[in-house]
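Got your viewer open? Load the model, colour it by chain, and let's go for a walk.

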Amino acid sequence: MGHGFLPDPHPLHDNLLGVRSPFPFVPVALIFAILPAVAQSPPPLVQILASEMERNFTALKSKGDPAPYFLAYSVTQQETNVLTATSGMLASKDSSKSRSLDVTLRVGSPQLDNYRRVGRNFATFTNGSMLSLDDNANALKRRIWMDTDGVYRAASQRLLNIRTNKEVKVEATDQSGDFSPSEAVVSYKITPELRFDADKWAGRARQWSKRFTQYQEILSSSVTVIAQRETKTFVNTEGTRLQHGRTYARILISARSKAADGMDLATSETIEADDPSRLPSDKAVEAAVDRVAKDLRGLLRAPEVDPFVGPAILSGRAAGVFFHEIFGHRIEGHRQKDENEGQTFTKSVNGPVLPSFLSVTFDPTVKRMAETDLYGWYDFDDEGVAARRVPVVEEGILKTFLLSRSPIAGFAKSNGHGRRQAGAEIVSRQSNLIVGSSNSVPDAKLRDLLIEEIKKQGKPYGLFFESVTGGFTTTGRAGLQAFTVIPLVVYRVYPDGRPDELVRGADIVGTPLASFAKIVATGNQLQVFNGYCGAESGSVPVSAISPALLVTEIEVQKKNRSQERPPLLGRPTQTDGSDR
Amino acid sequence: MKRRTFGLLLGAAAVAPGQTKLNDPILEAMRSELERSLKLRLAGETPYYIQYVVEQGTNLNCSATLGGLLISRISNYRLPRVQVRVGSYEFDNTNCVYTGMVRGARFDNENWPLEADENQIRQDLWLATDRSYKAAVETLSLKRAALKNVNQAEKLNDFAKQAPVVKVLLLSKNKMDEKRANERVRTLSALFTAYPKILDSRVEYEEGVSGSYFGNTEGTFFRIPENIVTLRVRAEALADDGSPLRDYLTFHAFEAVNLPSDAEITTAIHAMATRLTALCAAPLGEAYNGPVLFEGEASAQLLGQMLGGNLGPVRSPVSEPGRPVNLPPSDFEGRLGARVMPEFLDVTDDPFAKDAKGRPLFGSYEIDMEGVVPQTLPIVSQGTLKNMLLTRQPVRGFEGSNGRARLPGSFGANAALPSNLLVKAKDTIELAALKAKLIDTIKQRNKPYGIIVRKIDFPSSASVAEFRRLAASLQSGGGNRPISLPLAVYRVYPDGREEMIRGMRFRGLTVRALRDILAASSETYTLDLLANSFPLALMGAGGFVTGMSVVAPSLLFDEIDMDRPQEERPSAPVVPPPPIESAG
């Protein structure tokens, strides 16, 4: 059966806020560095998985045709608490616990196996079956066996198809194989307990959400609190045995309304932490609620943006999303060998791809930056490869790509970026994207530089992108090599000293290579954007960390607008309607 | 027992909104916004009918396999549905392919705050009504445009008038015992560890305690409890030749305490598992034409499926010019007053029927989804079709509801389904004599054997993948509604010996076969089932379910065709199943 993931060709649709993501509450995998408790002997689940894996692998190797050369089981256990409040009332309070199984089985050889991408066909074998929550060997092994059988049938069938497919015989540009070697790792860590007093948090969420009732023009608003604990257990036939996990907490604040001309407007803010206890004080959350409400009120009254090309500053958070979309997705390894991909940077290794004062590093080992807990860290990726720092661009020069165990020309081994959401197949994905700059100035000075640039270009104003909700990009060859970043709060900055003016309805659009060349300076304060990134292998938590960017030219287009009018009748009050 | 009336029933006399105290914040909020919303006006259109429904409740779901818990979840919900009709009872925005399409952003809460007070509920109703109203106005103008180019074969009104009813019943405050439910599914599912031939099995428990709130601009308001408890057991095996086999059990009640005891369920599971295990080694059946005895459960299932899906007349919507949407008619369409069964059979649909213990049968209800109080209806009298099941949607030959709107339908209407179908035979013989009669019949006709069907797959326990394959092949059966596969089929030889067979299906079985019933047993079987709007009432499909009961005798049919479909069988797994560990 197919999965509900993105179709092929895949527009990489990110919604870093997760608000409208089809996978709102998905994997997060990290551990505290603070002396993780280390288990001595294999946990029961590891033992059950390993014994069933050996039994299946041995039998398939001796009796199966074709024989498998690799088998791995991955179990993702999630405990999730979600509660939402609106206008001072609790709207929902749910908690759930689930375990799902992913089977990876490779037949053929590392040079050519059932995962080889042929044409537009993206191979999917696993189906993320629900697994017993109890460490009950009978219940677990039966499902593991059934899924292994199903995956083995599909894998053998696909290998047969690949071998008889002409396209494989055509000389591919990239001669690398399908699976790279990796060291066996054994590590058992106990995931920290999730301390979440749902009633206490419900009380806080009610109070926070109540603040929105002061704003009559807001049509809908909510505050959601999420606390999660995720444990991943992984075994493979190379001897890797892992159990690791993390807890995770988040507050989502959002408000929506409709302008008089029918434009739908929304503002939101999210706050993330490794653990519910690390979420900020009431005062800080209330301030965030007020910002969301006031920004929306401001937007409702703000003029609509005109199409614009000119200089702008992207705040650190906006710049993070900008880099995630226009750069990050294009250096994911598997896109370099996929003939359907645009391959923007495939031939650019050791060549300049960004201005020489910029560097980009992906570092899943960093847990906190700019006083913010990060989303995109983990100890091991979903292929059991240890996380590591990967400098991708140094002084503007492209050094490497993000790699899973699927090798590409010139890069034979994984650098720990094979990731997936439970139920999807693994591809290379981003972790913590960190933008470094050797041409940074204090943020106030960056603003001065913007005003200079506005004057130099003779523009009436420039733009300041304060916050963005997310974006998407198309990397496929069939589509336009373009991206869109969806800003929430944008100001016009005037060169004559007038106060900044809020505008609404702007989308940033552009093409990647042209956009990078326009970056001329950065600020010196890092900001963090935490969110979920959606692509072929599902939704995975990521972070983007960047200073503010000054760009000499950015293009803004008008947002699609609803033709629906605002509500026809006024808001109901206690006194109207039937009088009783 | 709480589905009986505790509240006030202020019947037929029209109740003007605002006069009666409803004593419920949801109903009061509905009344205020209904009244206010009648003032909506856009493009000259005002609403002539607005209806609010809120389903509020708590669901407990858990399931286990081989003793291990797979999932356990409690969810609370308060889901609103708003319908706005513009135009008039004669011609409005429903019964059209565009009905129900809503554009634009949604600002009301999809799932209402559980704690919402009257004021908050009014805010949500206000925004939801605004959105539905705008869509209704747009749909009505699209419908008018579509009709400019079409000559309608027959002119039917769009909505039947109905006298208002107010019925406010107490809701139950059942406490759910998640721990006990978890232990129960663990223990029951572990029974399958004793059956190595059964490869996949699952015990699923679902308990829903809910209430339905309703208000409309005609003055109908109700609040009724809607509780349902289901325990479902599924098992799958591979026959010795590799063909997939399955069986299931379901148990339903309105209240958890009224489910059968664990001991009774355990006995039923052992019987089912034993039969499924035996079926693995059973021979394949051959094409058959001759008398068939539908025994006990199978007879109730067959009647439930044939009558349940065919008693509601179907109306096709106004469609885009050149792209007609013709819904398949019911197999009883146009048969009113005609003989559809032998004269010794009567069928009644009785929403107030009770079981031997005096408890309401599983298909009982107080008021339907459109606020119409149902009555007991004779369906078949001395073999003649007397009534169809009707909602407020006018259909060819009928206008005016008899209170059978039991599931949401399409294009603004609701779907009609039976409540408790009571099938009674005048002349009956004992089941043993019925089997003897089957044997006599085959002897007379020189058949080597006859067939007894003891269970069919209704509601269907097929997986989604299997269901897709089935839907295509069953559709070719001749009737407008496919008949499920038989699960338990036996050959009966002239000497009375029985032999279980597998791999059979019915060929061309339609409601016509009901005319050829030869005899009925004195024993009856009571089948409880959860109906939904899916073909074969596929288990777990669809967002809405409703209870139904069928009480029927075993029935001997004169002539039924059965055959064995050609199917590709998957090869056996390379790896044998993992051995059961006793410590597991």
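Which strand of chain A does Q243(A) lie in? Select Q243(A) and you'll find yourself in strand 8 of chain A, which covers residues 241-258. Before going further, keep in mind that this is a predicted model.

**Stop 1: around Q243(A)**

Stay on that residue for a moment. Is Q243(A) buried or exposed? Q243(A) is buried, because 24 other C-beta atoms sit within 10 Å, and 20 or more is what it takes to count as buried.

Now bring up the neighbours. Leaving out residues up to four places away in sequence, Q243(A) touches P43(A), V46(A), Y188(A), K189(A), T231(A) and T233(A). Next, add P42(A) to your selection: P42(A) and Q243(A) are 201 residues apart along the chain, yet their C-alpha atoms are separated by 8.8 Å.

**Stop 2: strand 5 of chain B**

Hop over to chain B and select residues 198-216, which make up strand 5. Of its 19 residues, 14 are buried, so strand 5 of chain B is largely enclosed by the rest of the structure.

Which strands pair with strand 5 of chain B? Go through them one at a time:

- Select strand 2 of chain B (residues 47-65): this strand pairs with strand 5 of chain B in the antiparallel sense, over 14 bridges. For a spot to zoom in on, look at A64(B), which stands opposite V203(B) of strand 5.
- Then try strand 7 of chain B (residues 228-238), also antiparallel to strand 5 of chain B, with 10 bridges. Here E207(B) has V229(B) of strand 7 as its bridge partner.
- Finally, pick strand 6 of chain B (residues 221-225), which runs antiparallel to strand 5 of chain B and is joined to it by five bridges. Click on Y213(B), and you'll find its bridge partner R223(B) in strand 6.

Follow the chain from strand 5 to strand 6 of chain B: the two form a hairpin with four residues between them. In that turn, select G219(B), which has a positive phi of about 105°.

**Stop 3: where the chains meet**

Zoom out and show both chains. How many residues does each chain bring to the contact? Chain B puts in 49 residues and chain A 48. On chain B's side, helix 1 (25-37), strand 3 (68-86) and helix 2 (118-148) each supply at least two residues. Highlight helix 2 of chain B, since it's the one that gives the most to this side, with eight residues. To finish, colour chain B's side of the contact by residue type: 21 are nonpolar, 15 polar and 13 charged.

How values were computed: Residues numbered from 1 in each chain as written. Chains lettered and ligands numbered in written order. Predicted model: local features only at pLDDT ≥ 70, side-chain atom pairs only at ≥ 80, totals over all residues. Contact = placed C-beta atoms within 7 Å. Nonpolar A, V, L, I, M, F, W, Y, C, P; charged D, E, K, R; others polar. Buried ≥ 20, exposed ≤ 12 C-beta atoms within 10 Å, placed from the backbone. Pairing = 2+ DSSP bridges.
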